[in-house]
Amino acid sequence: MAKIYASIWSNDKATEMAKFYKSVFKGTKIGKTAYWGSNPMGVKEGSVLTIHLTLMGQKIMLLNGFMPMTFNESVSFVVPCKTQKEIDYYWKKLSSGGGNPVQCGWVIDKFGVRWQITPAEFDKWNTSKNKKKKEAVMHTMWKMTKLEIKKLQKAFELGEPQS
């Protein structure tokens, strides 16, 4: 059975996106590229249709569609980071060139794709059976734009929101 993978509709930016993501996510591999044939949508024959990437072990297909589409907050990619240095790196890279930092660890890159740059421990904290600790992490996170691992960890350990 085939594995599920994401397709990102990029209007006419698939090649630019592939290069950008390869520069951000070390070890990214650019795979097969498909090209438009003759079509009734008015897309130039021979232009890029799809580019496959393997990004942090996840296959993603970038699609140059035939009509403008926009992204919204309902879909995002989570980047779990073990260190603050990793968070800082992805935050800076993904918000560069016209990207936008957003509340609670989110970044909208220059193409409009949403990314959640989170501590690797976040799922553990967020699913804790200790309601006080879990809520302390959430209340601390809601005050942040770029997430700070030490503050979130402290909130979890003490069960008290940090400022």
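A residue is called partly exposed here when its relative accessible area falls between the under 20% of a buried residue and the over 50% of an exposed one. Asp 88, with a relative accessible area of 30%, is therefore partly exposed. Keep that yardstick handy, and keep in mind that what you're looking at is a predicted model.

Let's start with the whole chain. There are 163 residues in it, and buried ones make up 39% of them. Its secondary structure comes to five helices and eight strands. If you walk along the sequence, you meet them in the order β-α-β-β-β-β-α-β-β-β-α-α-α. The C-alpha trace spans about 60 × 35 × 25 Å along its principal axes.

Now back to Asp 88, since it has a partner. Its side chain meets that of Lys 146 in a salt bridge, 3.0 Å from N to O. Asp 88 sits in helix H2, while Lys 146 is in the loop between H4 and helix H5 (149-158), so this pair ties together parts that are 58 residues apart in sequence. Lys 146 has 31% relative accessibility, so it counts as partly exposed.

The idea behind such pairs is simple: side chains of opposite charge can pair when their charged atoms come close. In this model there are six salt bridges. Another one joins Glu 73 and Arg 114, with the closest N and O atoms 2.9 Å apart. This one also links distant parts of the chain: Glu 73 is in the loop between E4 and E5, Arg 114 is in strand E8 (residues 114-119), and 41 residues separate the two. Are the two partners buried or exposed? Glu 73 counts as exposed because its relative accessibility is 51%, whereas Arg 114, at 10%, counts as buried. Then there's the salt bridge between Lys 124 and Glu 121, where N and O are 3.2 Å apart. Lys 124 is partly exposed, at 45% relative accessible area, and Glu 121 is partly exposed too, at 35%.

Stay with the loop between E4 and E5 for a moment, where Glu 73 lies. Met 67 lies in that loop as well, which runs between strand E4 (58-63) and strand E5 (77-81). Together with Met 41, Phe 66 and Met 69, Met 67 forms a nonpolar patch on the surface, and the four have about 350 Å² of accessible area together. Why can Met 67 be part of a patch at all? Patch members need over 30% relative accessible area, and Met 67 has 40%, which means that it counts as partly exposed.

Next, the largest pocket. It holds about 200 Å³ of space. Which residues lie nearest its centre? Of the 13 that line it, those are Ser 7, Ile 8, Phe 71, Val 75 and Phe 77. Strand E1 (residues 6-9) gives the largest share of the lining, with four residues. Sorted by class, the lining has seven nonpolar residues, five polar and one charged.

Following the chain on from E1 brings you to a backbone detail. Asn 11 lies in the loop between E1 and helix H1 (14-24), and it has a positive phi of about 55° although it is not a glycine. That's worth a look because most residues other than glycine have a negative phi. Asn 11 is partly exposed, with a relative accessible area of 24%. Met 56 is a further case: its phi is positive, near 55°, and it too is a residue other than glycine. You'll find Met 56 in the loop between strand E3 (48-55) and E4, where its 46% relative accessibility makes it partly exposed.

Finally, two pairs bring together residues from separate stretches of sequence. Lys 92 belongs to helix H2 (residues 84-95) and is exposed, with a relative accessible area of 64%. Its C-alpha atom is 9.6 Å from that of Val 24, though the two residues are 68 apart along the chain. Met 141 belongs to helix H4 (residues 131-141) and counts as buried, because its relative accessibility is 7%. From C-alpha to C-alpha, Met 141 and Cys 104 are 5.7 Å apart in space, with their positions 37 residues apart in sequence.

How values were computed:
Residues numbered from 1 in each chain as written. Predicted model: local features only at pLDDT ≥ 70, side-chain atom pairs only at ≥ 80, totals over all residues. Heavy atoms only, no water. Patch = residues over 30% accessible without salt bridge, like charges linked within 9 Å, V, L, I, M, F, W, Y side chains within 5 Å. Areas by Shrake-Rupley, 256 points an atom, 1.4 Å probe, with all protein chains shown as cover. Buried < 20%, exposed > 50% of the residue type's maximum accessible area, 1.4 Å probe, protein only. 1 Å grid on protein atoms, 1.4 Å probe; cavity = no way out; pocket = protein on both sides within 12 Å on 5 of 7 lines; lining within 4 Å. Points joined across faces, edges and corners; volume = space filled by probe spheres on them. Nonpolar A, V, L, I, M, F, W, Y, C, P; charged D, E, K, R; others polar.
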